[in-house]
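Hello,

Here is the structure I said I would pass on. Please open it alongside this note, and then read on for what turned up.

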Amino acid sequence: MPIKSYLAHPHNGKKEILINALSALSNCEIIPAENKEVVVLITETDTEEQDKKLKEQIETIDSLKLLALVSGFNNPKSN
């Protein structure tokens, strides 16, 4: 189960648009910074393939200027 955290930097003046776009995606939790133009994004998917597709979706958001991976790990499911 891949879990990753990112810093998502919006284009100037587009933080709210970025927040709305990220909020519309499943498997994402967002935490907007209160004093900076940045959003903390946490993703959690079931497989590496889902993780890859989600990242591709995120990277197509027009209001996103930069997506920086902060931390990521894969927690294998226990049977």
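**Charges and overall fold**

The protein chain carries 9 positive and 12 negative side chains, and the centres of these two sets lie 5 Å apart. Please keep in mind that this is a predicted model.

The protein chain has 2 helices and 4 strands. Read from the N terminus, the order of elements is β-α-β-β-α-β. The radius of gyration is 13 Å, close to the 12 Å given by the globule rule for 79 residues, so the protein chain is as compact as a globular protein of that length. The C-alpha trace spans about 45 × 20 × 15 Å along its principal axes.

Contacts come next. Take those between residues at least 6 apart in sequence: 68% of them join residues at least 24 apart.

On the surface side, the accessible area of the protein chain is about 5,300 Å². Carbon and sulfur atoms account for 49% of that area. Of the 79 residues, 29% count as buried.

**T45**

Where does T45 sit? T45 is in the loop between β3 (39–44) and α2 (48–59). Its relative accessibility is 1%, and the cut-off for buried is under 20%, so T45 counts as buried.

The T45 side chain also makes a polar contact with the backbone: it reaches the backbone oxygen of T47 at 3.3 Å.

Which residues does T45 contact, leaving aside neighbours within four places in sequence? They are M1, P2, N27, Q50, D51 and L54. Of these partners, N27 gets its own entry below.

**N27**

N27 is also a loop residue, placed between α1 and β2 (28–32). Check its backbone: phi of N27 is near 70 degrees, a positive value in a residue other than glycine. Is N27 buried or exposed? Neither: N27 has a relative accessible area of 42% and is partly exposed. N27 is one of the residues in contact with T45.

**A21**

A21 belongs to helix α1, which covers residues 15–23. With a relative accessibility of 25%, A21 counts as partly exposed, because that class runs from the 20% cut-off for buried to the 50% cut-off for exposed.

One distance to look at is A21 to L41. These residues are 20 apart along the chain. Their C-alpha atoms are separated by 12 Å.

To begin, I would show T45 together with N27, since the two are in contact.

Best wishes

Technical notes. Residues numbered from 1 in each chain as written. Predicted model: local features only at pLDDT ≥ 70, side-chain atom pairs only at ≥ 80, totals over all residues. Heavy atoms only, no water. Buried < 20%, exposed > 50% of the residue type's maximum accessible area, 1.4 Å probe, protein only. Polar contact = N/O pair within 3.5 Å; in protein donor to acceptor, adjacent residues only side chain to side chain. Contact = heavy atoms within 4.5 Å. Rg over C-alpha atoms; globule rule 2.2 N^0.38 Å. Areas by Shrake-Rupley, 256 points an atom, 1.4 Å probe, with all protein chains shown as cover. Lys, Arg positive; Asp, Glu negative; His and termini not counted. Charge placed at Lys NZ, Arg CZ, Asp CG, Glu CD.
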